[in-house]
Every structure is written in C-alpha cells, then in structure tokens.
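Hi,

Here is the structure I promised to pass on. Have a look at it first, and then read my notes below.

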Amino acid sequence: MSDTVMNKDEERQRRQRAGRPDAAGPDGRVPQEPDEFAVQIADQIESFILSVREVAKGDDPDSAVPYLLLEVSQLLLAGGRLGAHEDIVPDERYEPDVGPEPDEDDLRQRLATLLEPIDVYSEVFDPYVPRSTPVACRISDDMADVVADLTHGLAHFQAGRISEALWWWQFSYLSNWGSTASASLRALQSLVAHVRLDSPLDELDGLDTGSDGDDEEQLAQEAGKVMEAELGTIGRRRET
C-alpha cells in the first residue's frame with residue numbers, strides 16, 4: 001500500500017512528461033492535450049482505482065477500512081470539483097466506443113470477503129424524499145461500481161479523448177458514483193468512529209441486501225464479534 005502512495009508523484013510526473021503524438025489515432029481523431037484541471041482529476045481517479053485494488057488484495061486487512069476511508073474522501077474532492085464545474089460538453093455528439101465494460105466482479109468478491117461481516121450497512125437513497133425508507137447496501141458493491149464508472153472515463157482519458165473523459169466523470173458523478181461513494185464514506189466513517197470511540201456495533205438485526213434467511217441469521221450472529229475480531233487495531237498505536 002505504501003508503495004502505491006509513494007509512486008503517486010512519480011506517476012503524475014510521468015503523465016505530464018508524456019507527449020501525445022499529433023498524428024490521428026485509429027479512430028481518426030487527434031489526441032487532445034489535458035490541461036491542469038484534467039490532469040489533477042485523472043490523477044485522483046487513477047490513484048483511487050489503484051488503491052482500492054491494492055486494498056482488495058487483502059495483504060493488510062487491519063488497515064482496509066481506514067485506507068478506504070482516506071481514498072474515498074480524496075476521491076470525493078475530485079467529485080466535488082467536477083460537480084461544481086460548469087457543464088462539460090464532449091467534442092462528439094455520441095460517445096466513442098471504449099470497448100467492453102469493465103468487469104469488477106473479482107474486485108467485488110475480494111472486498112466482500114475482506115470486509116465480512118461489516119460489509120452491509122443501511123443508507124437512505126435520497127435524503128430529500130420525505131420519509132425515505134433506509135435500504136441495505138454493501139461497501140464491496142459500492143467500491144466495485146465506483147471503480148467501474150471511473151475506469152470507463154479513464155479509458156477515454158488514456159486514449160486522448162479528454163473532453164469525453166471529463167464529461168463522463170462529471171455525468172456519472174452526478175448520476176451514480178457521487179452518491180454511491182458518499183454513502184460508503186458515511187459507512188466507513190461510522191466504522192472508524194465506533195472503533196476510536198470504543199463504541200461496539202449493535203447487532204445488524206438481519207440487515208442484508210438479499211432475501212436469504214440464512215444469510216440474515218449469519219450476519220446477526222457475527223455482528224457482535226465485529227469490533228475486536230475485525231477492527232480492533234484500527235487507529236491504535238502498537239505497543240512496543
């Protein structure tokens with residue numbers, strides 16, 4: 001994980017040094033040069049994708065939640081900048097094909113295994129809808145969905161279609177990954193707060209995104225073990 005963080009500046013410098021050829025690509029278009037705003041957004045997005053994949057490897061499970069909290073918080077800064085920006089209009093009327101949609105099922109499964117049994121949380125889909133009913137969500141689903149959205153735009157960026165990349169990131173921030181990341185950030189912040197404030201989680205009471213009764217019972221049984229078994233060392237100094 002630390003190697004990924006240390007290489008961020010190096011990766012940023014590499015991208016800024018890399019010149020794009022003036023010749024048209026296979027689609028007949030001349031690649032665009034990214035401005036400072038586009039480079040900064042792309043850096044934050046690529047850093048998030050790499051970091052989430054690194055967390056999903058499970059090499060440092062005790063740090064998974066705080067690392068995800070940090071990365072989602074930083075990603076939402078990029079999202080806020082996109083949301084506050086004027087509407088970005090792509091150069092083409094129709095979005096160029098970027099190939100098959102990214103399949104993040106492996107990432108989803110790795111995170112679900114790593115975060116069990118704290119993966120499921122409760123969220124209100126739209127806080128401006130009166131008396132909204134909370135729904136069950138999964139951090140693993142959220143992270144995989146956000147990565148898929150961001151990877152789609154990153155394919156445009158790496159192909160030199162800067163306006164399409166920014167348009168897609170802005171559009172999908174407003175329509176999907178912004179609210180998804182915000183919801184998971186709330187759950188991650190709550191987990192860290194429970195640990196740091198020595199406030200054990202209550203039983204999940206069968207909370208789940210599926211309808212399988214066995215899954216509900218298992219989640220309820222495991223909930224009481226969450227804090228010490230899974231998160232007991234987060235944010236605490238190691239004894240020497």
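Before anything else, please keep in mind that this is a predicted model.

I'll begin with a pair of helices. Helix α3 (residues 36-56) packs against helix α6 (residues 139-158) at an angle of about 135 degrees, and their axes are 10 Å apart. Angles from 115 to 145 degrees fall in the oblique range, so α3 and α6 are oblique to each other. The crossing in which α3 passes α6 is left-handed. If you want to find the contact on screen, look on the α3 side for A38, V39, A42, I45, E46, F48, I49, V52 and R53, and on the α6 side for M143, V146, V147, L150, T151, L154, F157 and Q158. Sorted by class, the residues of this contact are 13 nonpolar, two polar and two charged.

α3 also meets α5. Their axes come within 9 Å and cross at roughly 55 degrees, which makes α3 oblique to α5 as well. This crossing, too, is left-handed. Here V52, R53, V55 and A56 of α3 touch L107, R110, L111 and L114 of α5. That contact has six nonpolar and two charged residues, with no polar ones.

Stepping back to the whole chain: there are nine helices and two strands, and along the sequence they come in the pattern α-α-α-α-α-β-β-α-α-α-α. The chain has 240 residues, of which 40% count as buried. Take the contacts between residues at least 6 apart in sequence, and 75% of them join residues at least 24 apart.

Now for the interior. In soluble globular proteins, nonpolar side chains tend to be buried together. In this model, the largest nonpolar core has 47 residues, and F48, L150 and W169 are the ones with the most contacts inside it. At least two residues of this core come from each of α3, α4 (64-84), α5 (105-115), α6 and α7 (162-196). The biggest share is from α7, with 13 residues.

Which residues does W169 contact, leaving aside its neighbours within four places in sequence? They are I41, A42, I45, L82, D149, L150, G153, L154, F157 and W177. Among these, A42 and I45 also belong to the α3 side of the contact with α6, while L150, L154 and F157 belong to the α6 side.

Two more residues of α7 are worth a click. S172 sits in this helix and has 2% relative accessibility; the cut-off for buried is under 20%, so S172 counts as buried. With neighbours within four places set aside, S172 is in contact with D149, W177 and G178. W167 is in α7 too, but at 23% relative accessibility W167 counts as partly exposed. Its contacts, again without the neighbours within four places, are I88, P90 and E95. I88 is 79 residues away from W167 along the chain, yet their C-alpha atoms are separated by 5.2 Å.

One last detail, in the backbone. E116 and P117 are joined by a cis peptide bond, with omega about 5 degrees. P117 lies in the loop between α5 and β1 (120-123).

Happy browsing!

Key
Residues are numbered from 1 along each chain as its sequence is written. This is a predicted model: local features need pLDDT of at least 70, side-chain atom pairs count only at pLDDT 80 or more; totals for chains, interfaces and linings use all residues. Side-chain values use heavy atoms; hydrogens and water are left out. Axes are lines fitted to C-alpha atoms, for helices over the stretch in contact, and angles run from 0 to 180 degrees between N-to-C directions. Helices (H or I, at least four residues) and strands (E, at least two) are DSSP runs, numbered from the N terminus. Angles under 35 degrees count as roughly parallel, over 145 as roughly antiparallel, 65 to 115 as roughly perpendicular and the rest as oblique. A crossing is left-handed if the near helix is turned anticlockwise from the far one by less than a right angle, and right-handed if clockwise. Contact means heavy atoms within 4.5 Å. Ala, Val, Leu, Ile, Met, Phe, Trp, Tyr, Cys and Pro count as nonpolar, Asp, Glu, Lys and Arg as charged, and the others, Gly among them, as polar. A nonpolar core is a set of buried Ala, Val, Leu, Ile, Met, Phe, Trp, Tyr and Cys residues joined through side-chain atoms within 4.5 Å. Buried means under 20% relative accessible area, exposed over 50%, partly exposed in between (1.4 Å probe, protein chains only).
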